[in-house]
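Biologist: I'd like to learn how to read a fold with you. Can we go through it feature by feature?

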Amino acid sequence: MALDDAFQQSMRRFEEQAAAAAGLRERIGELKGSARNTDGSVTVTVAPSGAVLGLALTPAAMNRSHTQLTQEILATIRSATQQAAAQVEEVVRPAVGDAYYEQFQSALRAHAPTVEPLGPTAPPEPAALPQPGADPVRRPTRSPVDDGDFSDETIYGGPR
């Protein structure tokens, strides 16, 4: 009987841990990070993975150049992502403990390689842009569909 009791106790512990893990996963799935830029014209919401869930721009955001707006959006995404990461830590660290939290972070980093933030890019050279009034670029047309009839061709594909 002692073996059966030990097995039952192990099964209960396993079921409790599985339920706790499922609850933790659910709580992490509900987390979101949100951030606004300094003047409030850009608001971003992200998932803990960094996936952008929402982006809101006020009319004031449109007073910037495209490069400035890009930088504001990217900086706000980074801030929201940092907030989401802090929330994940608040939920996960107490549940798994400090030692296992470091393993958790290592596992996350292994699946999400470090990416350098995007910076402003140079605009294309004026010569590369279409010129007003210029003929449009002509794309090659497709050759007619091959009908499989070779009676008027040689074995080399040319006419007889």
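**Reading the fold**

Modeller: Sure, and keep in mind that this is a predicted model. Let's begin with a backbone detail: Gly97, just after helix 2, takes a positive phi of about 90 degrees.

Biologist: Which residues in helix 2 are buried?

Modeller: General idea to start with: an α-helix has 3.6 residues a turn, so residues three or four places apart point the same way. Here, the buried residues in helix 2 are Leu69, Ile73, Thr76, Ala80, Ala84, Val88, Val91 and Val92. Helix 2 covers residues 66–96 and reaches 44 Å from first C-alpha to last, close to the 45 Å expected.

Biologist: And strand 2, which side chains point to which face?

Modeller: In a regular strand the side chains alternate between the two faces of the sheet. In strand 2 (residues 42–46), Val42, Val44 and Val46 share one face and are buried, while Thr43 and Thr45 point to the other and are not.

Biologist: How many bridges join strand 1 to strand 2, and how do the two run?

Modeller: Four, and they run antiparallel. Ala35 has Val44 as its bridge partner. The two strands make a hairpin with five residues between them, and Gly40 in the turn has a positive phi of about 80 degrees.

Biologist: What about strand 2 and strand 3?

Modeller: That pair is antiparallel too, over five bridges, with Val42 opposite Leu57. This hairpin also has five residues between its strands, with Gly50 in the turn at a positive phi of about 100 degrees.

Biologist: What pattern does the whole protein follow along the sequence?

Modeller: α-β-β-β-α-α, and 13% of its 160 residues count as buried.

Technical notes
Residues are numbered from 1 along each chain as its sequence is written. This is a predicted model: local features need pLDDT of at least 70, side-chain atom pairs count only at pLDDT 80 or more; totals for chains, interfaces and linings use all residues. Side-chain values use heavy atoms; hydrogens and water are left out. Buried means under 20% relative accessible area, exposed over 50%, partly exposed in between (1.4 Å probe, protein chains only). The expected span of a helix is 1.5 Å times one less than its number of residues. Two strands pair if DSSP finds at least two bridges between them.
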